[in-house]
Amino acid sequence: MQGVGWFLRKAISLATITLSITQYEKDGLTHIDIDQTATGGIKGTTENRTLDWVYRDHKDGIFGELKGKSRWVKLDDVDDDTFLKTGWDDMDGEHVQSYVESKDNGWTADQVWGFEIMDGKRYYVRHVVVRKGDDWKQARLVYDYHG
């Protein structure tokens, strides 16, 4: 669906991914910069998000040419997808929403980021819905949180 070959998908599924996240304010806007590192110190994707809901172009080593936008959002303001809105630790607070369009492969990905409690432990989680034409997939990405 996203134009990623079987071999690369398999390799990614076997890797442990570490996210190094920096959040800061600049010119009145929240910025979130994320560096991904895979098992063995292999550099992954860098995500630089400005939470102003303005499209920015990005070239990703795995997904190709993209454009995306991000914002702080209340769950009530997320479009009708129930999966993106449910299961969060803080159902009333703000979350990060990220929306990405592939320029090369015709898919979109809508994500909501936040925290969930599982078995008494707090995790950083992304709910993701990817669409291409009439096809869609959803994923819940769960990360240990050390913060």
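Me: Which residues gather in a patch of negative charge on the surface?
Reply: This is a predicted model, where local features need pLDDT of at least 70, side-chain atom pairs need 80 or more, and totals for chains, interfaces and linings use all residues. Residues are numbered from 1 along each chain as its sequence is written, and side-chain values use heavy atoms, without hydrogens or water. A patch joins like charges within 9 Å, or nonpolar side chains (Val, Leu, Ile, Met, Phe, Trp, Tyr) within 5 Å, among residues with over 30% relative accessible area and no salt bridge. The negative patch holds Asp76, Asp77, Asp90 and Asp92.

Me: Where is aspartate 90 found?
Reply: Aspartate 90 is partly exposed, at 41% relative accessible area (buried is under 20%, exposed over 50%, partly exposed in between; 1.4 Å probe, protein chains only). Its place is the loop between helix H2 (82–85) and strand E6 (94–102).

Me: In what order do the elements of the chain run from the N terminus on?
Reply: The chain has 2 helices and 9 strands (DSSP runs: H or I of at least four residues, E of at least two, numbered from the N terminus). The order is α-β-β-β-β-β-α-β-β-β-β.

Me: Which element gives the largest share of the largest nonpolar core?
Reply: The core has 10 residues, including Val73, Phe83, Trp88 and Tyr123 (a core is buried Ala, Val, Leu, Ile, Met, Phe, Trp, Tyr and Cys joined through side-chain atoms within 4.5 Å). H2 and strand E8 (121–132) each give two or more residues. The largest share, 3 residues, comes from E8.

Me: How many residues apart in sequence are glutamate 47 and arginine 126?
Reply: The two form a salt bridge, closest N and O atoms 3.2 Å apart (the rule: a side-chain nitrogen of Lys or Arg within 4 Å of a carboxyl oxygen of Asp or Glu). Glutamate 47 is buried at 7%, and arginine 126 is buried at 4%. Glutamate 47 sits in strand E3 (residues 42–50) and arginine 126 in E8, and their separation in residues is 79.

Me: Which residues are linked in a network of salt bridges?
Reply: The chain's salt bridges come to 10. Linked in a network are Glu47, Arg49 and Arg126.

Me: Which parts does the pair of aspartate 57 and lysine 103 tie together?
Reply: Their side chains meet in a salt bridge, 2.7 Å from N to O. Aspartate 57 is exposed at 58%, whereas lysine 103 is partly exposed at 45%. The pair ties together parts 46 residues apart in sequence: strand E4 (residues 56–60) and the loop between E6 and strand E7 (108–118).

How values were computed. Areas by Shrake-Rupley, 256 points an atom, 1.4 Å probe, with all protein chains shown as cover. Lys, Arg positive; Asp, Glu negative; His and termini not counted. Charge placed at Lys NZ, Arg CZ, Asp CG, Glu CD.
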